[in-house]
Amino acid sequence: MERALAGIRDAAGLDRPARGGRAQPPLTATGAVLVAGPAGTGKSWLLARASDVLAATERHRIVQALTAAGTRHVPLGALAPLLPPGALPRNDLPTAGVLRAAADALGGGPSSRRRLVVVADNAQFLDEMSGALLYRLALEGRSLVLLAARSGQHFPASFVELHKQGRALRIDLRPVNRADADAFLESLLGGLVARSTTDRLWRATAGNQELLAELVAAGRDSGALSQAHGVWRWRGRWPLGARLAELVDERLGRPRGRALDLVEMVAHGDPVPLAFLRTAFTAAEVEAAEAAGVIHTGESPDGPLVTLVAPLLAAMVRAHCPALRAGNCRRQLGLLASAALKESGGRAPPHTVSLCQAGRVPVPSGTLVRAARHAFAAGDFRSATSFASDALAAGERLSVTAAVQAAAVLWRATLPGSTSPGSIPATTGTGEETAAGAVTDTGARTATGAATTPDTDTDTDTDTDITSAPWAAAREGSPPERERERGHPSPEVRDELAMGRAWAEFCRAGGAAEAVRQLRAVQGTTVDPARIRSAEAFMLACRGRSQDALRLVSSDLVPFGGDPEPSALALCVQGTVWARRGQFARALAALDRADVVASKPAHPSPLLRAALAHARCQACLLAGESQHAVSIADDAYRVAAAYDWPQAMLWACTDLARAARIQGWIGTARRSVHEGLRLLDEYPAAWPGAPALHREHAALAALAGDARLAAEALARIAGDDEGDGAGHGGGHVPSGSWAELVRAWTAHADGDLADAGRIALSVAAAAARHPELAGFEPLALHDAVRLGHPAPAARRLRELAGHSEHALAPLLCSHAEAATRADATTLERVAAEFAERTMHLQAAEAYAEAARVHQAKGHGVDTQRLRARAALFLERSGGAPAVTVLSRSGFPWLTPRELDIARLAADGLPSRAIASALSLSVRTVDNHLHHVYAKLGLSGRTELAAVFAPSGTEAAPPDLLADAGQNSAASSRKRRSISSPSRRNSR
C-alpha cells in the first residue's frame, strides 16, 4: 500500500518544488492514476490517504466527484455539483465548448497556483460527459485525476487509452497476503508490530485491507493495540465500532430470512461441518451463500468445514445476534453434533464435542477424555482444559485410567497460562458478547477448529487450585459416601497433579530449584519413575548441570518402558549435553531419535515438541548451522503464537534473537528481542528465561555501539545464578560464557578495544578447559577475531579445523589467518563464503577488512568495489553496527529505495520496467541510480551488476523472504546437518 501511495505522490510531483508560486506538473506528464482491485483491498482507503497527503502540501486543491449508480446516466452528473453557479454556457453550444468551459471553471484556469486533484471512487459509475471532462483535464497535465474501480468493472475507455500511451499510472491492489501483512501494518502504525499480532489481525480479516485498517484504528482508539519497547501488540477483545460494523454489513450483503439463519449458524459454530449445514438447510441455500462470497468451505481430516470468509465477520455477527436467537442457534448445533457423536461411537473430533457443550447437550465422560487429549495435541489448551475438567467432574463414573489421563491433560493444558505453581485460570467458556461493543478476540475458532462456548466472559481473574473440586471427585471404585462428599481425588490423580505442580513451579521465574525438590518428593508414588527422572534431568540440564542430568538419563535407561514421552525427553537431554560438549554427530543421532519417539503417541504433547525444538535450535547454533537454528526458532514461534502460549513465544523469541544475531541477521534479532521484552512486561512472573533475553538485548545494543544500554541490560541479570533461569532460550551452556562474550562487545562499544579482545580470548580459553563448553569454543574464538585479535585465535582455530565437528571451523580458521596476514584475496573469498551461507553481517565485515587492505596498498578500484559489497551486505543484515571494522571504514549508505532500484537494475531491468514495478516515474528511477553510482564509486550498470549478486542467490530471514532456508547447500554438502530430518530431506 505504501508503494502505491508513493506512486501517487510521484505522479502528483509532490517532491518537486514549486517555481514562482505555481505548482509544477510532473515531468512525465502523468495526468491520471487508475486504482483497481477486488472488494476490500483498500481502494477507497488509498484514495482518501492520498487526498490527505496531497492536501497537506497546500500545493493541491482536492475535489471529490459524486460517483453513484443514480448519476450514471445524467450528463456531468458526477461533476456538476463541483462547478460554480453560471459556469456552464448555454445548452445549444457544442459539447466541446461545454467541456472547455467546465474544465476552465473546475481547474481554475492556467493561472491557478494550486494543482487540481479530482478523486473519483467507483469510477465505473462516471457518466459519459464527466468521463470526457476528466480525460481532458488529465490530458492537459494541469490536473491529476485519481480513479478507482472494482476488479471486473471498467474504467472509461479514454483513460484506458491514456494508460496505453504511458500518461496514466495503473495500480492493481490485491488482498494482503501474510508475507506483506507486516509491512502493511507497520506502515499504518509507524513501528514494529509483534508477529503474533500480525498473525491475529491478518487471520481475523482474511487479508482485507479495508477491514485491517479499520480494525487497527479501532484498536488504537480502544487501547487494545498499544506500543511498548518499540513493538505494537494487540491485547484484549475486538472493538466493535460503528464504522467496522458498517463494513461487515456491507461485506455480508445484509442477509435476511434463511440466509441470515445460515450466516448466524456458521458464525456461532465457526467452523461448522458441511454435513450439519446440509441437514439444516437446502443445498441451494448453502450454494447461494458460497456464491455470494459470505462463507468459505475448506477441507480437513474430518471432512469439509464451513466458515465465514473472515473470523472478524463471525465475531461481529455473534455480537449483534439477539440472545434468544443465539441460544437457539447453539442448541441446534449441539443437537446436530450430538447426533454425529452417536453415529461415530463417541469418536468425533473435538470441535464436535465443543458444539455439544455450547448447546448444553450432555457428553459421555469417556468421550470428553478423548476429546481433551485430541485438543491438547492440537494446541487448543482452552478446549482441552474444559474437556478434562468436565470429565473429572464425572467422579466415580470415570475409570482410574481415564481419570489419570484427564488429570495429565488438565495440568499440561493449564500450564501455558498459569502464573503460579498451584493454580490455573478458571475456564468456563470462551465468551461471546461481554460488554456493549466488545467481543472476545478468539474469533470463535481454536486450533482444533472447535467452536467456542459463547456464554461467559473469558477474561476472568479467578484462580482455582488444581487439586480442588470439581476434579477431586475422580477416584477409584465406589468410595464411602463420606469420602464422596469430601471430594478427595484418588491417589493416582493426586500424584499426577503433583507432577503438574512441579512443572508449574519450573515455569515460574526463579522456581527451577524448587521444581526439582517437588519432583523428588513425588518419587515413590504411583507416578512412573521414568517420568520423574527424565523431567528432573531436563530441569537440571536447563540449569547448566549437564553431568548430573546425563547421569539420570544414561544410555542404559533409554528407552523408558512403554511410555514414549519420558524416552523422548531423555533423548532431548542427551542431545543437549552432547551438543554442549561439541559431539554434534552424537547429538544429532539423539535428537533424531527423540523426534521419532515423540511422534509415536497418538496425541503428542506440545510441551515436548517445544522442548525438542529448543534443543535442536541450540544444537544447530553450537554446531555452526545458525541458519537452520533461525528456521527452527521461527517455526517454534509460529506454533506458539497459534497456541497463544506466551511462555513458548518468549522461549522462541530468545532462541530466534540469538540465532539471528549469530547468523548476522541483525534486523530479525532486534525485532525478536523487542517482541520478547514486550511479552516479558506482560508475563513477568511466568518467564524464568528473562536473563537470556536481557543478554541478547545487551548484545544488540553493543553491536549498535550503545555501551550504556548494553551495560544496563547486563545489570538486570547481575544476580542470576541459575544458569539460564530455567534454560528457556538459554543456549545450553552456563550463562556466564554468553554473558562474558556480551561484555566483550560492550567493552568494544565503549572504546576499550584491548579489554574487549582480552575478555573474548579468556572466554575461549575457559571453553577449551571446560568439557561442557567444547561446542561453545569456536564461537568465542571467532568473536575474538571480529573484535580485532585474530592472531591468538588463529592458532587454536587451526587445531579445531583439523578435528572439530563444528561446521564452520575451517571457514573461521581461514578468516582468522587471512586477517592476521592482511591477505585481501583470502578475505574476499572468506566473505563470499559467508555470503553464500547468508551470514550477512560477517560477510560485510570480511569485505570491509579486504577493502581496508586494498586501501592501504593504494588499490582504489578494488577498494571501492569491496566497500560497495560490504555496504550491500550490511544493508541486508538489517542493522547498522557501530563496532568492529565496519565502524572504521566510512561506508556509503544506500537508502531503502536506492537499494531496491539498484538490485533491480543489477538484474538487468531497464528503467521503465523498474518504474512500473515500483510505481515510480522513469525520471525518478534514473535519479536514484545516479545517486547509487555516486555513493558506490561506479560508472554504470555493468559495474553495478558486478557488485550486486543476482536476486535469485540472495537469502534473508524468514520474516523478510519466504525462501530463506534454501541457500545453505554448501553447509549440507560438507557434513550431515543437525537440523530436523524433514528439513534435511527437503533440501
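Buried means under 20% relative accessible area, exposed means over 50%, and partly exposed lies in between (1.4 Å probe, protein chains only). Keep that scale at hand for the exercises below.

The model is predicted, so local features need pLDDT of at least 70 and side-chain atom pairs count only at pLDDT 80 or more, while totals for chains, interfaces and linings use all residues. Residues are numbered from 1 along each chain as its sequence is written, and side-chain values use heavy atoms, with hydrogens and water left out.

**Exercise 1. Unusual backbone angles**

Find Asn122 and describe its phi, its place and its accessibility.

Solution.
- Step 1: Start with the general picture: most residues other than glycine have a negative phi, and most peptide bonds are trans.
- Step 2: Asn122 is not a glycine, yet its phi is positive, at about 50°.
- Step 3: Asn122 sits in the loop between β3 (115-120) and α4 (128-140). Such helices (H or I, at least four residues) and strands (E, at least two) are DSSP runs, numbered from the N terminus.
- Step 4: With a relative accessible area of 34%, Asn122 is partly exposed.

Now do the same for Ala822.

Solution.
- Step 1: Ala822 also has a positive phi, near 55°.
- Step 2: Its loop runs between α36 (809-821) and α37 (824-836).
- Step 3: Ala822 counts as partly exposed, at 37% relative accessibility.

Which residues does a cis peptide bond join at Pro271?

Solution.
- Step 1: The cis bond links Asp270 and Pro271, with omega about 10°.
- Step 2: Pro271 belongs to the loop between α10 (257-269) and β10 (272-273).

**Exercise 2. Salt bridges**

Examine the pairs Arg708 with Glu712, Arg796 with Glu799, and Arg786 with Glu845.

Solution.
- Step 1: Recall the rule: a salt bridge is a side-chain nitrogen of Lys or Arg within 4 Å of a carboxyl oxygen of Asp or Glu. The structure holds 29 of them.
- Step 2: Arg708 and Glu712 meet at 2.7 Å, N to O. They are four residues apart in helix α31 (residues 707-715), so about one helical turn separates them. Arg708 is exposed at 55%, while Glu712 is partly exposed at 33%.
- Step 3: For Arg786 and Glu845, the closest N and O atoms are 2.9 Å apart. Arg786 lies in helix α34 (residues 777-786) and Glu845 in helix α38 (residues 840-856), so this pair ties together parts that are 59 residues apart in sequence. Both residues are buried.
- Step 4: Arg796 and Glu799 bring their closest N and O atoms to 2.8 Å. Being three residues apart in helix α35 (residues 790-803), they too are separated by about one helical turn. Arg796 is partly exposed at 24%, and Glu799 is partly exposed at 45%.
- Step 5: Finish with a network: salt bridges with shared partners join Arg195, Asp634 and Arg638.

**Exercise 3. The surroundings of one arginine**

Is Arg678 buried or exposed, and which residues does it touch?

Solution.
- Step 1: Place Arg678 in helix α29 (residues 666-682).
- Step 2: Its relative accessibility is 6%, so Arg678 counts as buried.
- Step 3: Contact means heavy atoms within 4.5 Å. Leaving aside residues up to four places away in sequence, Arg678 touches Ser226, Gln227, Ala228, His229, Val231, Trp232 and Arg233.
- Step 4: A polar contact is a pair of N or O atoms within 3.5 Å; within protein, one must be able to donate a hydrogen and the other to accept it, and residues adjacent in sequence count only if both atoms are side-chain atoms. One such contact, of 2.9 Å, joins the side chains of Arg678 and Ser226.
- Step 5: The Arg678 side chain also reaches the backbone oxygen of Val231, at 3.2 Å.

**Exercise 4. Cysteines**

How many disulfides does the structure hold?

Solution.
- Step 1: A disulfide is a pair of cysteine sulfur atoms within 2.5 Å.
- Step 2: The structure holds zero.
- Step 3: Take Cys572 as a case: the closest cysteine sulfur, in Cys542, is 7.8 Å from its own, too far for a bond.
- Step 4: Cys572 is buried, with a relative accessible area of 0%. Cys813 also counts as buried, at 7%.
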